Amino acid sequence: MFTLISCTAMAGVAEWICCPGEKNSLLYDALAACPVVHRWAMADDRSAAFFALGRVQATARPVVVVAGDGIAAAAMLPAVAAAYYQRRPLVVLTVDDTVDVGGTGAPLSMEQEGIFGNFAPTVELNLPCPVSDLPDLASLLAEGFPIHLRVRADAAAEPRGMDFSALEVGEAPATPAFRGSLVALSQMLRFRAVEGLVMMIGALEPTEQEPVLWLAQTLRVPVVAEAASGLREELASQLLHGADELLMQYPPRYVLRVGDVPTGRFWSALEDLPETEVFSITRTGFSGLCRKSTVIEGEPEQIMKALGDIPHVGDTERLMNRSRHTAGRDEESLLAHPESAAALVRAFSIHAALGDVICLGSPTVTELWNRYAQSHVPTLYLRDLCTAGADGTIAAFLGNAADAASAFCLVGDVTLLRDLHAAAIVPQLPPGKRIIAVLNNEGAHGAAYAAGNDEELRRLLVQPPTFEAENVAGLWGAEYYRIRSEADLEVLDSLDEQSFALLEIIPEGI
């Protein structure tokens, strides 16, 4: 196991998340003797994988999560899929028998080859082995996608008393060079953007924010900046309010998307708007559309430098003037309904903006935050954790928040239900304030509109949780607070710097 741990450390792995399992004892015996890597213990394989994903997001380094057994590895598929679409170097490691028992039905075993399909290739490693037989993990992880390490270890042949004193953790994988032609994008910006250009900014890494901010401020075009971009507040003067409705009514001639795939409804509507030409600058390389579009893959800073001088384009379609009416109506609505979901999300965002880390964890929460959250205090580190679904959100939040002095997470009630075991990691975290707020919207309440008066369809679509959030707080050993008004949120000011609290936000009518 010395060679395995050394191989991963040289590839930049500094953290391991360890799930219990009999087959892992040999590996954990070696890990326990290795002082240069941090070891987290987490019993639930699914939550462990999402916690590992959160650590990858927070550190920009590959992280290894060890499955309890072959069957348990299957529970990690949702996190692996999320890592794939976010282009994160998550490493899932399974320790397998030296004799292939796949297909035999042996207890706690299953076929391992290709278990994660297209989302993570399987790399075989038979131990002990010479250094020359080790896979080049650094090169594999430099692409930024998850991988599955399938380890077979001969316990009798493994050396004992390994010396890790000279081992050092390598640098994080280098950023891949950008791919794609800049010719079409450059020509559009210089010669045709005056026909109508809107910039849509999806989730960004903190290191990507500065060059993207420069691009938006240079172009001076209307902007749809999602909260996860970290630029929503910085670009408040260019922000389109009610962008989904406005842009579907006045589709622009060109859309320049930067960052991850946007979550708003207008982005989905672009599938049926072929007259709008779409360009994407994205680290992940995913177009986010089934229709034709131009994609340039890579780090925004590299691409901005290659583009050279960027012209001022401006709001040639006067979309920002139109959006001001929507902004005014939104403010009037918040004043008229101070205990609505929108108003309570706004009030919570004012407190959360002071935190080091903010995470959003359901489509409803994200939509409310993007439209109604405060826009005066910049939020430098905000993650939208539900882009690949509502699974594993609490675990991923705790992974992001592990090193933060204060962190806030806002989720939906169904999202909370799917990740109840995640808080078991809290006692292992460094001291800090961690606030999880759950918006009680009685299940998938937004789907109720689609059901209309059909009670059976409503029963199948909505499915409100049967648990009480206060009981979840008791299970976690967390403080519990019921929030029905903005005044109730003042309790956050009285919490100490090492609080772990669950807030249940209950809008009017619930």
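**A pocket, a sheet and two helices**

The second largest pocket has a volume of about 640 Å³, in a model that is predicted.

Me: Which residues are closest to the centre of the second largest pocket?
Reply: The lining of this pocket is made up of 33 residues. Those closest to the centre are A60, T175, E205, R283 and E299.

Me: Which helix gives the most to the lining of the second largest pocket?
Reply: At least two lining residues come from each of helix 3, helix 6 (137-142) and helix 11 (300-307). The one that gives the most, with four residues, is helix 3.

Me: How many residues in the lining of the second largest pocket are charged?
Reply: By class, 15 of the lining residues are nonpolar and seven are polar. The charged residues number 11.

Me: Which strands stand at the edges of the open sheet of five strands?
Reply: The order of the strands in this sheet is 8-7-9-10-11, with parallel pairing. A strand at the edge has a single partner strand, so one side of it is left without a neighbour in the sheet. The edge strands are strand 8 (223-225) and strand 11 (294-297).

Me: By how many degrees are neighbouring strands of this sheet turned against each other on average?
Reply: The value is an average over neighbouring strands, with direction ignored. It comes to 15 degrees.

Me: In strand 10, what is the bridge partner of V255?
Reply: Strand 9 (residues 254-258) and strand 10 (residues 277-282) run parallel and are joined by five bridges. V255 has its bridge partner in strand 10, and that partner is V278.

Me: Which residues of helix 5 (residues 77-86) are buried?
Reply: Helix 3 (45-59) and strand 4 (90-96) are among what covers the buried residues of this helix. Just after helix 5, R87 takes a positive phi of about 55 degrees. Within the helix, the buried residues are A79, V80, A81, A82, A83 and Q86.

Me: Why does W214 count as partly exposed?
Reply: W214 is found in helix 8 (residues 209-219). Buried means under 20% relative accessible area and exposed means over 50%, with partly exposed in between. W214 counts as partly exposed because its relative accessibility is 38%.

Me: Which residues is W214 in contact with, leaving aside its neighbours within four places in sequence?
Reply: Contact means heavy atoms within 4.5 Å. With those neighbours left aside, the residues in contact with W214 are M304, G308 and I310.

Me: What separates the C-alpha atoms of W214 and L380?
Reply: Along the chain, W214 and L380 are 166 residues apart. In space, their C-alpha atoms are separated by 16 Å.

Conventions: Residues are numbered from 1 along each chain as its sequence is written. This is a predicted model: local features need pLDDT of at least 70, side-chain atom pairs count only at pLDDT 80 or more; totals for chains, interfaces and linings use all residues. Side-chain values use heavy atoms; hydrogens and water are left out. Buried means under 20% relative accessible area, exposed over 50%, partly exposed in between (1.4 Å probe, protein chains only). Two strands pair if DSSP finds at least two bridges between them. Axes are lines fitted to C-alpha atoms, for helices over the stretch in contact, and angles run from 0 to 180 degrees between N-to-C directions. On a 1 Å grid over the protein atoms alone, a cavity is a set of points where a 1.4 Å probe fits but cannot get out, and a pocket is an open set with protein on both sides within 12 Å along at least five of seven lines; lining residues have an atom within 4 Å of a point. Grid points are joined across faces, edges and corners, and a volume is the space filled by probe spheres set on the points. Ala, Val, Leu, Ile, Met, Phe, Trp, Tyr, Cys and Pro count as nonpolar, Asp, Glu, Lys and Arg as charged, and the others, Gly among them, as polar.
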